[in-house]
Amino acid sequence: MLVTRTVPRLDLPAAEARAAVLGQPVTAESFHAAFAGFACLHAVECVPPPAARGAGDSARIVFWNAERLKYLEPSIALLAAQRADVLLLCEVDLGMARSGNRHTIAELARSLEAGWIFGAEFVELDLGDARERAWHAGQQNSAGLHGGGIVSALPLRRPALVRLETSGRWFDGVFGERRVGGRIAMLAEIAVGSGPVLLCSTHYESHTGPADRLLQTRAMLDAIDAHAPGVPVLIGGDFNTNTFELEDKHRRAADPALAADPHRLVEPQPWEPMFAELADRGYDWRSCNVPLAATQRTRPDGTPKPPFGKIDWLFARGLRCSDPAVVPAVDDAGVAISDHEALAVTIAPA
């Protein structure tokens with residue numbers, strides 16, 4: 001579940017290989033064969049910055065679910081304006097028609113004169129979700145990778161990818177997409193002050209419930225402790241903490257519960273056991289998040305719709321955190337460029 005092999009460029013899956021998997025019967029055996037066969041799922045792309053900056057006594061960190069990084073130029077402008085030392089990113093594409101068949105995180109990093117690591121969460125066997133298949137009908141993915149990573153002008157040391165699960169739940173298309181892979185967390189160390197800090201960018205499963213989020217949390221924290229025992233940690237992620245089981249979330253049977261507790265979506269801790277697990281293992285969220293601040297917004301196509309929740313979080317262990325902020329994910333005209341706001345915080349050794 002912990003991948004530490006690094007390469008300067010991932011081995012991109014050919015269109016023929018992706019088509020061959022798409023044509024196979026949908027079975028557990030065909031999923032595991034495809035998962036094992038795609039080399040890009042078992043390595044971390046790692047490219048150093050062109051001119052690495054030295055460490056300071058503190059570091060400004062931004063986490064963002066960039067929703068494919070499909071609005072790349074305004075996304076670059078938004079992130080450049082934050083003047084962050086490190087960007088923790090999830091939902092970034094490599095070779096997807098929906099984002100112009102670009103290597104989005106590489107183009108972002110080069111524009112910021114930074115280095116990057118990237119890991120593939122999924123090999124996409126089609127053009128994306130139902131909206132994206134309609135918008136990009138007749139086009140082809142050049143590589144079909146979707147994942148997460150970290151961008152920084154500081155050296156990123158000891159990069160790794162954590163597989164939070166390999167259930168194959170996206171393989172049969174029941175969630176509206178055919179994919180090979182599973183949710184991930186990306187790890188790398190930076191120097192802050194006189195010592196290392198482990199950074200983690202993660203993306204939890206969206207089609208699940210609180211009990212499964214607890215399992216993903218345990219898998220992530222176990223991997224962090226195995227990879228960097230005793231090192232201070234900052235985790236940024238889209239944790240999808242909507243507080244409901246999947247069937248309640250999509251049938252909106254949860255509306256009476258929201259009426260009973262209007263703060264439930266922005267203060268989900270009582271309904272999400274992952275928070276108790278994080279607290280038991282020394283992680284704090286109060287000092288690094290803006291309280292009661294929703295992190296979702298409506299896209300130009302009108303989705304998603306309110307009520308919105310706080311589903312993106314920062315968690316810190318062994319660090320002093322200050323100046324938490326929610327950064328609106330909009331372009332210069334105020335138009336949404338993701339359905340998630342970005343989060344920012346400054347960290348220093350405790």
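Biologist: Which residue follows helix 3, and is its phi positive or negative?

Modeller: Good place to start, and please keep in mind that this is a predicted model. Most residues other than glycine have a negative phi. The residue just after helix 3 has a positive phi, near 50 degrees, and that residue is Arg83.

Biologist: Which residues of helix 3 are buried?

Modeller: Helix 3 covers residues 72–82. A residue counts as buried when its relative accessible area is under 20%. In helix 3 the buried residues are Leu72, Ser75, Ile76, Leu78 and Leu79.

Biologist: How wide an arc do those buried residues cover around the axis of helix 3?

Modeller: Think of looking down the axis of the helix. The buried residues are on the same side of helix 3, because the arc they cover is only 165 degrees.

Biologist: What do the buried residues of helix 3 pack against?

Modeller: Their partners include one helix, namely helix 4 (104–111). The others are strands, so to speak, from several places along the chain: the buried residues of helix 3 also pack against strand 4 (59–68), strand 5 (86–94) and strand 14 (319–327).

Biologist: Strand 4 also holds Arg68. Is Arg68 buried or exposed?

Modeller: Arg68 has a positive phi of about 80 degrees although it is not a glycine. Its relative accessibility is 6%, and the cut-off for burial is under 20%. Arg68 therefore counts as buried.

Biologist: Where is Asn240 found, and what is its relative accessible area?

Modeller: Asn240 sits in the loop between strand 12 (233–238) and helix 7 (246–251). Its phi is positive, about 50 degrees, and it is not a glycine. Asn240 is buried, with a relative accessible area of 7%.

Biologist: How far is Gly168 from Ala28 in space, C-alpha to C-alpha?

Modeller: Gly168 is in the loop between strand 8 (157–163) and strand 9 (179–181), and at 14% relative accessibility it counts as buried. Along the sequence, Gly168 and Ala28 are 140 residues apart. In space, their C-alpha atoms are 7.6 Å apart.

Biologist: Which peptide bonds are cis in the loop between helix 9 and strand 13?

Modeller: Most peptide bonds are trans. Pro304 lies in the loop between helix 9 (274–280) and strand 13 (312–317), and Pro307 is found there too. The cis bonds to look at are Thr303 to Pro304, with omega about -15 degrees, and Pro306 to Pro307, with omega near 10 degrees.

Biologist: Let's step back to the whole chain. How many helices and strands does the chain have, and what is its radius of gyration?

Modeller: The chain's secondary structure comes to nine helices and 15 strands. For 350 residues the globule rule gives 20 Å, and the value for this chain is close to that, so the chain is as compact as a globular protein of that length. Its radius of gyration is 19 Å.

Biologist: What share of the residues of the chain count as buried?

Modeller: The C-alpha atoms fill a box of roughly 55 × 55 × 45 Å along the principal axes. Among contacts between residues at least 6 apart in sequence, 78% join residues at least 24 apart. Of the 350 residues, the buried share is 56%.

Biologist: How far apart are the mean positions of the positive and negative charges of the chain?

Modeller: The chain has 34 positive and 43 negative charges. Taking the mean position of each group, the two are 1 Å apart.

Conventions:
Residues are numbered from 1 along each chain as its sequence is written. This is a predicted model: local features need pLDDT of at least 70, side-chain atom pairs count only at pLDDT 80 or more; totals for chains, interfaces and linings use all residues. Side-chain values use heavy atoms; hydrogens and water are left out. Helices (H or I, at least four residues) and strands (E, at least two) are DSSP runs, numbered from the N terminus. The radius of gyration is taken over C-alpha atoms; the globule rule is 2.2 Å times the number of residues to the power 0.38. Buried means under 20% relative accessible area, exposed over 50%, partly exposed in between (1.4 Å probe, protein chains only). Contact means heavy atoms within 4.5 Å. Lys and Arg count as positive and Asp and Glu as negative; His and the chain ends are not counted. The place of a charge is taken as NZ of Lys, CZ of Arg, CG of Asp or CD of Glu. The arc is that of the directions from the helix axis to the C-beta atoms.
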